[in-house]
Amino acid sequence: MTSFSLALPKDKPLFLKESDFIGKGNERACYTNPLNRDLCVKVQRRKHRSQNKIEKYYYTKLKKRKNLSPFLSEFYGEVTTNMGEGLVFEKVTDNDGTSSQSIYSLLKNKIISETEAKEILGTVFQDLYKNAILLGDVTKDQILLKKTENGYVPKIIDGLGTRRYGLKLFLVSNIKALARFKLVKRWKTLEHSLGMA
Ligand SMILES: Nc1ncnc2c1ncn2[C@@H]1O[C@H](COP(=O)(O)OP(=O)(O)O)[C@@H](O)[C@H]1O
Ligand SMILES: [Mg+2]
């Protein structure tokens, strides 16, 4: 191999540009995937945290199970970008193409009622419980409601697994009873943070 071929790698990193920026959290920034606008790419903003590492591990584990919840934004694997390693997910948008809002902001702005929110949350909880999927890192904006012709479809975009990459993540990935036990506890925190407990 010549140094020339090394200088021109076949797999060029995916170029994420600011005009494709969707939003950011404490740890990651999210961009529309320039190769497929139905997908998004999440890159770490702070190198010392490991949200992408946690999700890559957990989603890969979950994908091996038969009945994956319909309420997770789907995971499509890893990609190298101009901003470092990224994870590719289904981009959650309403039917008109605009970004879906979180259940928290819809509730706060009175676009949905507390009764509706409770019903939606109850459906998500039952599904996660049945499938032993842990939502371990509770935040206000991690459940988006995708507006469709048939009503809202909840989609979890953040916080699956544990808060840190380590032994606990391994355990909840492999011991369903433990994932369920922790989910029940975290769900109370979630309801509380949404002002519903
Ligand atoms: N699957 C997705 N579809 C659409 N927008 C998303 C998706 N995931 C994240 N976002 C947007 O990017 C922001 C940051 O993503 P998030 O996963 O919450 O980052 P962090 O891990 O730093 O908390 C979200 O608040 C949301 O606006
Ligand atoms: Mg977040």
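**The ligand shell, the cores and helix α6**

Sorted by class, the residues around ligand 1 come out as eight charged, six nonpolar and five polar. That shell belongs to a predicted model, and it counts 19 residues in total, with Gly-23, Gly-25, Glu-27, Cys-30 and Asp-158 as the closest. Four strands each put two or more residues into the shell: β1 (21-24), β2 (28-32), β3 (39-44) and β5 (84-90). Of these, β1 hands over the largest share, with three residues.

Moving on to the nonpolar cores, the largest one holds 29 residues, and Ile-103 and Leu-134 are the members that touch the most others. Quite a few elements chip in here, with at least two residues each from α2 (51-63), α3 (103-108), α4, β7 (143-148), α5 and α6. What does Ile-103 contact, once its neighbours within four places in sequence are left aside? The list runs to Ala-117, Ile-120, Ile-143, Leu-145, Pro-154 and Leu-194. There is also a second core, separate from the big one and made of nine residues, with Leu-16, Cys-40, Val-43 and Leu-87 among them.

Strand β7, which feeds the largest core, also sits in a sheet. This sheet is open and has three strands, lined up as β6-β7-β8 with antiparallel pairing. The edges are taken by β6 (101-102) and β8 (151-156), each of which pairs on one side only. Between β7 and β8, which run antiparallel, there are six bridges. For a spot to look at in the structure, try Leu-144, which faces Lys-155 of β8.

Then there is helix α6, another contributor to the largest core. It covers residues 176-193, so 18 residues by the expected-span rule of 1.5 Å a residue give 26 Å, and the helix reaches 25 Å from first C-alpha to last, close to that value. Which residues of α6 are buried? Ala-179, Leu-183 and Leu-190 are. A bit of helix geometry helps with reading such a list: an α-helix has 3.6 residues a turn, so residues three or four places apart point the same way. As for what lies over the buried residues of α6, the cover includes α4 (114-131) and α5 (167-174). Just past the end of α6, Gly-195 adopts a positive phi of about 75°.

Technical notes
Residues numbered from 1 in each chain as written. Chains lettered and ligands numbered in written order. Predicted model: local features only at pLDDT ≥ 70, side-chain atom pairs only at ≥ 80, totals over all residues. Buried ≥ 20, exposed ≤ 12 C-beta atoms within 10 Å, placed from the backbone. Contact = placed C-beta atoms within 7 Å. Core = buried A, V, L, I, M, F, W, Y, C linked by C-beta atoms within 7 Å. Near = placed C-beta within 6 Å. Nonpolar A, V, L, I, M, F, W, Y, C, P; charged D, E, K, R; others polar. Pairing = 2+ DSSP bridges.
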